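Student: Please take a close look at one part of this model, going strand by strand and turn by turn. Then set that part against the rest in one connected account.

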Amino acid sequence: MSATVESTMTDGAMVRVHNLSVQYGKRRVLDGISFEVARGSVYAVLGRNGAGKSSLIRCLLGLQKPSAGHVLVQGADAWTHRGRVLSSVGYVPETSDAPGALRVRDIVAFHESMYSRWNRSAVADRLKRFGIPERAGVSTLSKGQKALLTLALALGNEPALLILDDPTLGLDVVARNDFFSDFVGELADHGTTVILTTHDLLGVEGIADRVGILQGGRLALDEELARVKLDRSQSLEQIFMDVTGRSGGLS
Amino acid sequence: MRKALAVATLDLRRQWMAAGAFGVAAGLIPALARYIAARVEPTNAVSFALGVAALIAGATFGSDFAEGKSSFFFARPVSTPSIVAGRIAALCGLCATAVLGFTAASWLSGHQGLVTSLVPITTRHLQIVAAVWIVSLFFSLAIAANTRQARRKEFAEFLIGGARVAVAVAITALMLGLFVDLTMRAYAVPTPVKLLTWSYAAAAFLASLAAIELGRTDRLRIGRVLNVGMYCHGALACAVVAIAWAYVLHPGAGAITGLANAFSAPDGRVAYVYTHVDRGDPTVFAPAFSVDLGSGEAQRVMADGGFSGLDTPRIWHSRDGNIRVWNERTPLLFRYARRIVTSASTFRIRTSFGDATPFAMPEDADFDWNTFEFRNLDILPASAGDLFAVRWSDRATGQHVAFVSPSRGELSRLRLPTAQFIRTWAFLESTRLRVVAQRAGAGGLEFIDIDTLTGSTRTVATTDRGAFYRSVTLDASAQRALLLSIPYPSGPSDATVSVLQLDAPQPKPMALYSGKANNADASFLADGRIAVLVRQPPTADLRVFSPDGKVALTRPLGEGFSNLGGEPFANVFWVSTLVRGIWNVALIDARSGEMLRRLSGFRTLDNWDRGVPPPPGSPGAHLLMSTDRKLYLLPSVTDDPRPLLLH
């Protein structure tokens with residue numbers, strides 16, 4: 001796990017989200033949220049379906065223009081300086097966005113051209129470790145393999161910020177536990193900032209430094225995980241249920 | 001550059017097989033077509049292959065977006081220009097693949113074995129690639145943006161959307177109406193159509209680029225940017241087309257650079273000129289102006305020749321010149337649409353007296369949709385001003401004549417027997433119209449009086465069957481007809497000039513001249529005498545006959561005299577000559593036959609309105625056109641011609 005994060009992190013912030021609103025037509029999915037993510041920390045964004053997690057991720061990646069407010073990544077506006085911002089960001093989408101009619105090695109070659117810094121051997125090692133042959137077609141990979149492929153690619157440029165959008169969606173229980181305990185933890189220990197959205201509260205409980213819970217487009221909670229658990233004497237799941245209103249199960 | 005190439009490489013890897021397969025298929029088309037005895041040009045087959053390659057390449061943005069794959073590119077540090085540049089490079093690669101596939105397939109399938117000729121890639125092919133790629137890019141994005149926003153719309157949204165579509169359709173229809181009117185009337189070449197088409201292509205391209213950059217993965221923004229882009233271009237195009245329509249089709253007199261043709265009205269007070277102006281295409285666009293011969297002022301008359309060409313004025317006069325009627329050139333598409341919707345004539349004809357009065361054509365008048373004109377339309381206003389004879393023809397049953405009155409509606413009508421058509425006509429008085437009809441084949445002429453109120457007819461005279469008259473002219477009172485018989489083509493042959501007295505008890509043509517001639521011309525003089533010009537190269541003979549047909553004067557003229565003009569002054573008439581390509585006019589004294597003056601580089605105006613020249617001494621009778629197509633007025637026999645309009 002990363003070092004203790006100070007409660008006021010303005011100077012050391014990797015990501016600063018200020019008064020962010022996103023609106024699709026008349027529907028407002030994010031409504032003036034603000035938070036910061038400290039360098040080297042793990043920030044978990046939680047929320048029920050439709051809470052605005054994916055919209056937030058898209059704003060962080062410069063894929064979505066905010067209706068109001070802004071997102072700064074390493075001091076640069078994510079929308080207007082998308083190219084510069086993304087050069088030091090790794091991204092693992094909820095479902096693989098790689099075109100299916102390609103081989104793994106084509107995708108790897110494409111990514112290698114995208115980044116000035118690319119650790120080819122590390123990517124090859126990871127793919128080998130995940131059991132993904134480079135000659136395989138992307139469309140022939142299982143859902144889990146695709147998720148692991150995108151993870152390997154996201155780490156290829158040794159990013160300063162890793163954004164994970166529900167990365168364990170296609171993984172089995174063992175792989176999911178490995179992912180959180182070994183992978184993300186290790187990354188954080190090496191100083192990589194991680195922002196992830198997930199529905200796996202147990203997995204995130206052991207690694208997140210700070211959690212934000214989105215509810216109805218607003219950031220209902222933005223606290224250090226350890227402190228909020230201590231203050232409330234509750235597990236993360238109980239806290240989530242409290243904040244989101246308990247009705248219905250976790251999504 | 002590196003990133004753009006990476007995008008291009010990735011796209012090529014995804015799509016080369018499809019482009020190559022269509023290239024191969026296109027290469028087989030010419031050979032396969034031969035098996036069914038059809039012929040497909042290889043260049044068209046290449047167009048097909050290239051078009052499909054461009055379609056595939058252009059649809060990449062839209063299909064990636066629709067499949068949720070666009071973040072694959074936008075979530076990587078590659079700028080939008082690099083992505084677009086990469087996709088254009090991929091387009092080039094796919095086209096090359098398609099051409100390679102085509103060439104290989106056409107070589108292998110050639111009926112002479114390996115035919116190794118290459119199909120050259122032309123500018124047209126490149127245009128097809130560009131156009132298809134842009135269309136594919138735009139519509140794939142638009143479709144993807146709309147299919148991904150599948151949600152229930154509220155009723156108000158439907159209303160607003162419907163109203164927006166209705167406004168867009170109305171504005172587009174207005175713009176297209178003006179554009180069609182502009183291009184069909186003022187341009188022979190398709191340049192404006194190409195300009196408008198490519199402006200839409202450019203707008204679609206720019207709107208797509210803006211949508212990609214500003215929308216990225218946001219379907220709503222992509223759709224909105226596409227809409228705004230195209231609406232803005234639509235508004236701009238409407239404004240430009242409306243301005244161009246007003247500017248090109250409505251020139252002022254100052255825009256006139258030359259004359260295509262000129263005619264004098266029968267009263268001699270007004271001339272009509274078909275002009276060349278500093279806009280439009282001069283090969284088809286000759287805007288009409290009326291010129292007040294007293295003041296010299298010209299006014300635009302929306303009576304352009306249109307499809308009928310420039311030789312036939314689309315302005316009709318009563319014989320005394322007081323009533324004028326012309327086809328008001330309303331925008332073509334609206335006329336067309338209104339005619340379809342209302343099934344009624346919207347072909348407005350306006351009288352010139354007082355406030356222009358809409359004049360509806362008979363509803364069943366035969367409208368030719370190919371030329372947007374009534375078939376063989378002719379109108380004769382009666383001098384009284386409240387009666388018009390209208391004739392038209394249809395392909396099936398021949399000519400129709402109707403009598404219509406703005407105040408009383410249609411009074412009567414009749415149909416001439418099949419294959420019979422009217423050569424000339426004149427009102428005797430407001431209740432009787434005299435027509436000269438050519439009977440079917442070489443059936444001679446029939447002079448018929450028609451009662452305008454009842455449509456009943458009475459044959460006044462006929463000519464022998466077998467006689468064909470090249471020219472038939474009625475005099476001012478319509479009681480005498482001048483018949484000119486000379487075979488086509490011109491050459492030494494039997495020519496006859498005869499006069500027919502129609503109020504005689506047994507009207508029979510009386511020959512004024514009969515003999516060999518290369519050409520002949522004849523006209524009534526204002527005092528009732530008849531001038532006849534017979535051309536027998538190298539010279540021509542002028543003969544003047546008294547009203548009862550007796551020879552009053554014979555005089556040989558020199559080389560080249562060919563056409564009689566009107567009478568500019570009392571007892572003086574024009575004769576035009578064409579010698580070695582140069583027009584000349586001579587003023588001839590009608591009493592002595594003496595040549596009073598010769599003006600080189602001028603010709604008389606065409607004798608228009610069925611042989612009714614302006615009265616001697618009126619300004620319209622003095623008009624001349626110079627070889628460089630400028631209008632002149634000859635003030636007197638001795639004065640120099642004075643330029644009108646163009647100085």
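**Two hairpins and a sheet**

Tutor: Strand β29 of chain B and strand β30 (residues 595–600) of chain B run antiparallel and are joined by five bridges. The model is predicted, so local features are given only where pLDDT is at least 70 and side-chain atom pairs only at pLDDT 80 or more, while totals for chains, interfaces and linings use all residues. Residues are numbered from 1 along each chain as its sequence is written, and chains are lettered from A and ligands numbered from 1 in the order in which they are written. Helices (H or I, at least four residues) and strands (E, at least two) are DSSP runs numbered from the N terminus; two strands pair if DSSP finds at least two bridges between them.

Asn584(B) has Ser600(B) in β30(B) as its bridge partner. Five residues separate β29(B) from β30(B) in this hairpin, and in the turn Gly593(B) has a positive phi of about 80°. β29(B), residues 582–589, is also joined by eight bridges to the antiparallel strand β28(B), residues 572–579. One bridge there links Val579(B) to Ile582(B). The hairpin of β28(B) and β29(B) has two residues between the strands, and Arg580(B) takes a positive phi near 45°.

Most residues other than glycine have a negative phi. Chain A has further exceptions. Asn19(A), not a glycine, has a positive phi of about 50°; Asn19(A) lies in strand β1 (residues 13–24) of chain A. Asn19(A) is exposed, with 12 other C-beta atoms within 10 Å. A residue is buried with 20 or more other C-beta atoms within 10 Å of its own, exposed with 12 or fewer, and partly exposed in between, the C-beta atoms being placed from the backbone. Gln74(A) also has a positive phi, near 50°, and sits in the loop between β4 (68–73) and β5 (76–77) of chain A. Gln74(A) is partly exposed, with 18 C-beta neighbours inside 10 Å.

As for the chain that holds the hairpins, chain B contains ten helices and 34 strands. Of its 647 residues, 43% count as buried.

Chain A also has an open sheet of six strands, in the order β6-β7-β8-β3-β9-β10 with mixed pairing. Its edge strands, β6 (89–92) and β10 (218–224) of chain A, each pair on one side only. On average, neighbouring strands of this sheet are turned by 15° against each other, direction ignored. Axes are lines fitted to C-alpha atoms, for helices over the stretch in contact, with angles from 0 to 180 degrees between N-to-C directions. Inside the sheet, β3 (residues 42–47) and β8 (residues 193–197) of chain A run parallel and are joined by four bridges. Tyr43(A) has Ile195(A) in β8(A) as its bridge partner. Helix α5 (residues 143–155) of chain A packs on the sheet, touching β6 and β7 (161–165) of chain A, and its direction makes about 175° with that of β6(A). Contact here means C-beta atoms, placed from the backbone, within 7 Å. Helix α9 (residues 236–244) of chain A lies across β3, β9 (210–215) and β10 of chain A, at about 30° to β9(A).

On confidence, pLDDT is the predictor's score for each residue, from 0 to 100. Chain A averages 84, and 91% of the residues score at least 70.

Conventions
Contact = placed C-beta atoms within 7 Å.
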